[in-house]
Amino acid sequence: MIATRPILTIAGPLFSALLGFFDGGVCFWRLAGFLQSPEIRSKARECAVINLFIFGGSLAFNEKVLRPLVLELLPSRSKFPHLSLAFDTSQDVVFKLGWLFPVYLLAYVLSLSCYQAMATEACKLADRKQRIEQSTIWSFLSKFAYGVGDEVYRLLIFLMIFLQFKLLEILSPAVLPSPLGNLLAWFLSLTGMSITFSFYAFDYIWLFQHRRLHQRLSYFEHHLPYFIGFGFPISLLYAACPAFYSDAVTGFLFPLTVLLAVKAQPRKESVRIPLFAMSTTAVDAIVRTVLRPMAARMRYR
């Protein structure tokens with residue numbers, strides 16, 4: 001009886017993770033009703049244009065046309081290898097700083113708008129409950145201030161989560177033998193991405209429901225295995241694509257994850273897993289020691 005308890009303890013979260021994987025990457029037939037909406041189809045087309053045609057097309061144009069043309073116009077590599085390498089590197093830097101990164105930021109901002117519009121429409125179609133709040137100028141200003149604060153706080157928390165998983169990913173090959181350490185590093189990298197993708201997918205629903213950040217974080221921790229499994233399919237896709245192309249492909253397909261999140265029913269665990277405990281402690285310390293003193297100095301200038 002005692003020997004079976006660890007198995008039962010692991011079986012519950014493992015089942016939740018498998019259920020999340022199924023909901024996040026298999027049951028696309030649940031989207032049939034959403035895809036009949038003109039609003040959702042319109043925003044999906046915008047995502048395709050922004051991420052595949054503009055951002056992805058820029059990558060392909062540089063790789064297939066611009067870079068080969070620059071190399072063709074340069075002196076022979078055999079005669080001037082260092083000069084050719086310098087021009088090749090310079091062209092790559094100029095293209096990324098002058099075009100690719102600005103286009104990436106523009107595509108990111110425009111995609112966020114599309115994701116929110118699609119999530120809002122899907123929540124309405126799925127009869128998701130939305131908390132009705134009193135609409136006054138003061139309530140609007142208060143909601144806006146809290147929203148900005150929550151977004152900054154969320155950004156800092158997930159920066160800490162990224163650093164934690166990155167540190168574990170780096171240490172794994174050094175601590176464990178070669179095959180096992182590399183496999184664990186790969187798994188930790190995917191887990192960190194899954195947490196991020198899953199939280200941001202469900203966050204559009206929680207914003208529609210006007211949930212505060214501490215409520216969203218607590219809900220996520222109570223359903224953590226499910227959320228890790230839910231974000232795993234799109235994380236695998238992101239990891240399988242080359243650099244920058246992964247952003248174009250997942251930027252286009254992420255709305256499917258958001259729509260699947262609207263239909264999902266996360267499985268709650270019996271025990272809350274304090275995933276964000278260390279991150280929130282670190283962010284609180286940063287706010288107390290850095291941000292509040294800076295704000296006070298700016299206010300009294």
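Here are some numbered notes on this predicted model, going from the overall fold to individual residues.

1. Starting with the overall picture: the protein chain has nine helices and zero strands. Read along the sequence, that gives the pattern α-α-α-α-α-α-α-α-α. The chain has 301 residues, and 35% of them are buried. Among contacts with a separation of 6 or more, 81% are between residues 24 or more positions apart.

2. Let's take the helix pairs next. Two packed helices are described by the angle between their axes and the distance between the axes. For H5 and H7, the axes come within 6 Å and cross at roughly 110°. H5 is therefore roughly perpendicular to H7, since angles of 65 to 115 degrees fall in that class. On the H5 side, the residues that meet H7 include Trp-186, Phe-187, Leu-190, Phe-197, Phe-202 and Trp-206. Their counterparts in H7 include Tyr-226, Phe-227, Phe-230, Gly-231, Ile-234 and Tyr-238. Small and polar side chains turn up in the list too, including Ser-194 and Ser-198 of H5 and Ser-235 of H7.

3. H5 also packs against H6, at an angle of about 130° and with the axes 11 Å apart. This pair is therefore oblique, and the crossing is right-handed. H5 brings Ile-195, Ser-198, Phe-199, Asp-203, Trp-206 and Leu-207 to the contact, while H6 brings Leu-213, Arg-216, Leu-217, Tyr-219 and Phe-220. If you have the viewer open, try Ile-195, Ser-198 and Trp-206: they are listed for the contact with H6, and they are listed for the contact with H7 as well.

4. Which residues of H6 are buried? They are Leu-213, Arg-216, Leu-217, Phe-220 and Glu-221. Because they cover an arc of only 130° around the axis, they sit on the same side of H6. The general background is simple: an α-helix has 3.6 residues a turn, so residues three or four places apart point the same way. Note that Arg-216 and Glu-221 are on the buried list. Leu-213, Arg-216, Leu-217 and Phe-220 also appear in the contact with H5.

5. Two loop residues deserve a look at their backbone. Most residues other than glycine have a negative phi, and most peptide bonds are trans. His-210 has a positive phi, near 60°. His-210 lies in the loop between helix H5 (178-208) and helix H6 (213-222). Its relative accessible area is 17%, so His-210 counts as buried, the cut-off being under 20%. Phe-244 has a positive phi too, near 70°. Phe-244 is in the loop between helix H7 (224-240) and helix H8 (245-263). With a relative accessible area of 24%, Phe-244 is partly exposed.

6. Now for a buried serine in helix H3 (residues 81-125), Ser-111. Its relative accessible area is 3%, so Ser-111 is buried. What does the side chain of Ser-111 make a polar contact with? One partner is the side chain of Asn-51, at 3.1 Å. A polar atom of the Ser-111 side chain also lies 2.7 Å from the backbone oxygen of Ala-107. Leaving out residues up to four places away in sequence, Ser-111 touches Ile-50 and Asn-51.

7. Ser-58 is another serine to check, this one in helix H2 (residues 38-73). At a relative accessible area of 8%, Ser-58 is buried. The side chains of Ser-58 and Trp-99 are joined by a polar contact of 2.9 Å. Apart from neighbours within four places in sequence, Ser-58 is in contact with Phe-53, Phe-95 and Trp-99. So the polar partner, Trp-99, is on that contact list too, because the cut-off for contact is heavy atoms within 4.5 Å.

8. Last one: Ala-261, in helix H8. Is Ala-261 buried or exposed? Ala-261 counts as buried, at 0% relative accessibility. Ala-261 and Tyr-204 are 57 residues apart along the chain, yet their C-alpha atoms are separated by 9.1 Å. Setting aside neighbours within four places in sequence, Ala-261 is in contact with Arg-128, Ala-201, Phe-202, Ile-205 and Phe-230. Phe-202 and Phe-230 are familiar from point 2, being listed where H5 meets H7.

Conventions. Residues numbered from 1 in each chain as written. Predicted model: local features only at pLDDT ≥ 70, side-chain atom pairs only at ≥ 80, totals over all residues. Heavy atoms only, no water. Helix = DSSP H or I, 4+ residues; strand = E, 2+ residues; numbered from the N terminus. Buried < 20%, exposed > 50% of the residue type's maximum accessible area, 1.4 Å probe, protein only. Polar contact = N/O pair within 3.5 Å; in protein donor to acceptor, adjacent residues only side chain to side chain. Arc of directions from axis to C-beta. Axes fitted to C-alpha atoms, helices over the stretch in contact; angles between N-to-C directions. Parallel < 35°, antiparallel > 145°, perpendicular 65-115°, else oblique. Left-handed = near helix turned anticlockwise from the far one by under 90°.
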